[in-house]
Amino acid sequence: MINITTDSEDTVEVTLRVLSRGFLDLHLAVRAGDIVDPYALPETMGEGMQMLSKLCVTASVNDLGDSIHCLSDTARRLPVGEWGVPQFAAPFRFSELKLLSTEPAAPTEECYAFAAKGMSDDAFESIHHKQLREITQRVRTEARLQIYSLLRERVVRKPVYERRELSDFLEDHAVVVADEVMRQWSTEIPLGALRQDGSFKVCSNCGGLLYPHRDKAAFPDGRCRIGPCLEEKPSSRAGATVQSATGWRVFKDDILAYWVGPGLAEIRLHDELRLGGVDVTLYPRDDAADVGRSYELGIDVKSYSCPRLLGDTLSERLGGLATFDQRYIAIPDAIVNRRPHYLDDLRQAYRGTIPVTFAKVSDVVRMVIG
Amino acid sequence: MRLAPDGFIPALRAQWMACVMHDLLGLKTLSVAPALLSGYRSITRHQSLSTARVALRNLRLIGVNIESEAHLQEAVIEARAWEEDHASDDDYVEPPFDISTDPGTGFAIRERVRRSDGRRTAMLAALLGVLPNGAQTTVAADHSRRFRFRVDGDNGADVICDTREIATLPPRPVAASDKVTRSAITVTIKELEDTARSLDEEDARDPTRVPRNFLTRLRSPEGQAVFSVLSPQGSELCRSDAISLDGVSHMIGLPGAGKSTLIFLLVVLLARQGRRVTLLVPSIEFALALDADLTRYSVPTALLVGQSPDARRNHATRLAERIATLDSGGFGQTAAGAELLGTRCALSAFVSVPPPGFEFPHDRPPCISLRQANLNKDGKEGREGYRLCPLAVACGRQRSARRLAEATALVHIGHVISTEVLASPHFHTERMRHFEQMARTSDLVIIDEVDGAQAALDQKGFAELDLFGSSESYESILLNDVFDPVASGRGFAVSNSIENYTLASNRFMRLNRALRAHLLERMAEEGGVLVRFKDAFVTGNSILASMYLDAETDEEEHGSRRFDLIRRLFEQLVRSVLASDVGGDDDDLSELDLERVARDLEIDHGALVSAATRFRSGLNTLLNARLVERFEENYDEMREAFFGILPHRQGLDPQEARILFRFLVEVTTVVLQFLALVPAQYAMIAEGVHTERVFGQGVTADLRRNLPESLIGRLSGIRFAYETDDRGQRSLRLQYLSFAGVPRLLLYHLSDLLTEDGIKGPAVLMASATSYLAPSPSYHVPVRPSYVLRREGEGEAWRHSAYAFTPVPDPDRPGEFVRVSGAGPERERNHSLRLLTDHFFSGSDPLVRQLREDQFDPGRRTAIVVNSYDQVAFIKAHLKRTSSSAHRVIGVTSDIRKIPSQERAEWVSASQVEMLGTREDWDALVFPMKAIGRGVNIVFPDGPRVRDAVLGTVAFFVRPHPTADSLAFTGGLAGQLALRFDQRNIPASANLSGLVREWRTARDEALDTLRWLLRRPQQMSRLGRMIRPFVADGMVDLLQTIGRAMRNGCKTRVYFVDAAFAPNSAKDHRDTRLTSMIVAMRDVLTELLSSSDPVEREIYRLLYEPFLHPLRNCAGVMFPETRRNA
């Protein structure tokens, strides 16, 4: 039995934290090739489910902690406040927390943040960040500082790629060393995305794959499986059709969930600022911010469902954003519009000493361009 | 679980039998007890037993199930021993009957007291009444006080649980009440259509639902009936506009005829009328899917599923594998029914004081083994007792059991085997199994794919007992139940019966170890003499046959009779030594009647006597030998004596004969000694020494008591296997197998299981596509179909079905064709599979791609049928190396975890196969024969071909054949013979001795038939008179597989690719039913379609003509009547 509770913490919050860690551990195992086996769960996951069962039984509601499949499906579809567990529902301050992304299913950034609450900055940092940083360490050219930005932007802009073309790209930018990692992060085009003739289609909005869908009226070209993209464009459209999948690859689900999906808003922000004449780059200075310029301007785009958790997390660690003179936290418009008082609650929850401006992505663009 | 009447002492069961025989039937002996207590309805419901019917059943229900004359004798002797043991007790009163222990008297009964004696009248009254079920006595722990459990049963550390912070717990569910009578069910087709319409309307109201279009499954948009319901009227089948269900009904129809739709609508309709329905389906996956479908239409359901840790683990693991194939290894995914297969116990969260290193046993939680002290009136805690978990009313792991107990759950869905599960002690007040619960509370029990259910039940008719090597083995049971209690001082007082049992079981262990030592010795040999017996049901009969009968030539009747005499002689010789009290040469040989044996076997009497004496002496010395090194010389002595007068067949290698003979002696002694122990085991159970687990895993005692005994008695043998663990270490597994009970009769008895209790049971509806095939022992349901479903208006598309025998030339052997079945060692079989795979999948335009696109039926895919999951893996691995389109071939796997995650899209688990209908990215599906069968349909989900079968071509790479360890055919035959006797109509004029005679004759004939079968290898060419039933059984699996490509009345193309299907035709010679399964199948079906009964003929025509028509025209086969020039 693992010991995760501290006297000062509230049981409900601790339960959620252990569940978050459980999901991270479970996802790690699945990434390594395991399946979700109810008889071989990571210890944290089992512990989290046990604590959840206790909340359910004491509240006389349906026990959610008995089946990992039902639980993870619920966590993928609903924020914790809607699980049917009264202790997680409003006024619980993190009731809006969503632990797993809807599509593709993976732990959300919020889940990482919640799991790491009270721990060191990189306690649960994504393995992908680490791997990318390692690559940048190995590059000895002057362009080293740009490598991280370059590679990440490339992943976000082209989640489906032709291997040869990527190799050329890496060669042109003198980062051949990244070739192996890119291969590890990606997979061949899944059979489910192929048409009978072996062709496949690419989403016009995010560049991901379109999967043939039985509702041909709503999705004549197929359906994109990247949640934030679907939210932006509920009816996917094909940007390109590739006749043969040979030599083509797509980034794995977790990269799509962590980088490509959230990256849509980042790219949009970046492109609009550039269009407005502001000289910004994506992921400047080894990802010190999502969009920014040298030390002057830093903007992080955050897609948390729960503003209070975002406020808490930023209070605890502002990360690279703190190193910029002008600091913005930009929230995708859709999230702010969907949830009343999002920005107010976020500002209220932020207790950091470094001043930060919180605004919608569109407002940030307006503010920066002036 | 019926409670025995007050005053019933198991050891005195003979007294209770005497009461029934004497006082109800006016008999003066117990000799007829084995027949009358056999439980067969042809006997028990015979007019001459009308006064004793209830009492006979009650005797069986309390465990007085006398299987044989030996059991009867044991019961009588035990009663006498009890009398002697207790004669000096202060309160001893002589039992009411004096029963002779002399078998010669037929166990004569003499009255010791008058008929009016209180004890006799009380016995009679109890036996003629309704025996109550035992009450559930353990109560739930009080959650407002602490309680505890121990990790490993009684021996582990204490784990304290504290649930005091729970304010309130939900109340226990209210269980459904019993029904004493049930009115017949009549449902019109119009009512079903109305139900379909209302379900379609419900779908239409919810935009998130994919419409199911139920009405169009019944009526075309033009208003024509999609299928008709026909029922026999006089000498023809006539269209019926209503379905009436009372008693047992049988409904059949081709795959895709509309059975599933009809059953679904029937269930919804009845549930909406408040009727209770139990739906038994072929698999748990099927049950889960149905549960979800019914829930979608607000029908309250519950899942009937095994609750043992192993069963739960098995189901949950299979579900996890299925979910893993959906996406992301199952992360964030779920599937219908996951909430009913929860794996985590909520109590784990309330452990307040865990011992060091404690891990909560989620797969074996202490649901029924908590301990809590009673609370005395003064508020102090008193004695501790066992308690049930108080959280069962809230725990997710108990959700399924809880729902099953709720009266509001009107539809119960599960597998027929799960009906043996004990109703949860948490939610039921009586100790009862679900089959009885079902008979008490359901209005209708539907058994879908009833032929499969019957075959599954037959397999439960084998009791399997590990002889050593596991905690459930007989050796372990003996040590724990008998030896250790005495050795450790916990034991029983001295009792003659226990001492005698100890002696007999000591001998059994000695014999068992000798057999084990021999098998371990042989394990080192690759392909040794005994390999042919590996994984098979081995009896002395089958070993002896390998020594006396030539496997290559079918034995003629004379040889068969002679063989039978030799078998009997051998058995008698061994039995005479095992049963002898003294042993040695001086024993009386007269019981063996050697003079007659010599005459029958045409051998010299003097020589036989001398050989018998020598043999017995050898065996005796063997049984008493003190040095293992001396065993061999005793075997030699016995062998020389036996073969000296009855030489083995010519051509048998002497060294082989030596090994076989030793094996024969070992198996025969083990089996006979075990059989000798069985009656004593009953006595030990009665004494409380053993529990029922001593009979091994098979059917539960409760089900056995409710159904007849096995007609062939305890026909027994052994089965051994060499297993290899993950580290490559080999070990031996040795099991004792015997027939026990006739579980298939549950299907036939269910509707009037409780008649003797004055309860009219539920209506039973059996349904399938292949449950009416008279020659098939395993699958035929001998109940004249009440309803036959016929698809209308599709122009008999099956007439365009095309079957062909298409063997593939062997490139290595010019003039030969690739043969997989019977190809010899695994290496050669794999080589053959490789050649067939290349034939279908290699080249720039592979054959399998052409099959998808050619003019037969464009767009439909190909099924490649093999015999095992290993063969699927082999083909996939070969394709991966050799074919650029390997990824377009989907393999069916039994364990998705073994598949690397990047390859999982190319694999599916059997339970996930139906999802393939929505995918475009595959051309072929490879699977083992039975993995995709009953109820599994891959259909086009939408478009112009909606609901048509996606599979259009079925290629059989391997001719189906029972695997070596399959007891299916043997079990099916035993079940068929028992059912036939159960349904026999014995003339009303028959008296008791006539009934006994009928039972004995049926038993002897059944035993002869089974013995005849067991001494033959299960190969078509060597099965003689059994060939027809054997082919019929194999054919059902084959037809069910082809049926997957006939959904919605589609035409089908079948390729019989394995040259073994028609080996002569491959070489341009005629095949016969002995050489070709195709010819044999055609002949069986032709015969059925020529039935003289017009209704039968019509039923068979509707069911099997779509198969027979293309079989008759099967290209590439030279039928016996084919003219060479043609």
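## Three spots in chain B

B:Pro928 is buried, at a relative accessible area of 5%. Here "buried" means under 20% relative accessible area, "exposed" over 50% and "partly exposed" in between (1.4 Å probe, protein chains only). This is a predicted model, where local features need pLDDT of at least 70, side-chain atom pairs count only at pLDDT 80 or more, and totals for chains, interfaces and linings use all residues. Residues are numbered from 1 along each chain as its sequence is written, and side-chain values use heavy atoms, with hydrogens and water left out.

Back to B:Pro928: you'll find this residue in strand S26 (residues 924-928) of chain B. Strands (E, at least two residues) and helices (H or I, at least four) are DSSP runs, numbered from the N terminus. B:Pro928 sits 58 residues from B:Asp870 in sequence, with 8.9 Å between their C-alpha atoms.

Next up is B:Gln372, part of strand S13 (residues 370-375) of chain B. B:Gln372 is buried too, with a relative accessible area of 2%. Its side chain makes these polar contacts (N or O atoms within 3.5 Å, one able to donate a hydrogen and the other to accept it; residues adjacent in sequence count only if both atoms are side-chain atoms):

| Side chain | Backbone partner | Distance |
|---|---|---|
| B:Gln372 | nitrogen of B:Asp142 | 2.7 Å |
| B:Gln372 | oxygen of B:Arg145 | 3.2 Å |

Last comes B:Asp85, in helix H5 (residues 69-86) of chain B. B:Asp85 is partly exposed, at a relative accessible area of 47%.

Conventions:
Chains are lettered from A and ligands numbered from 1 in the order in which they are written.
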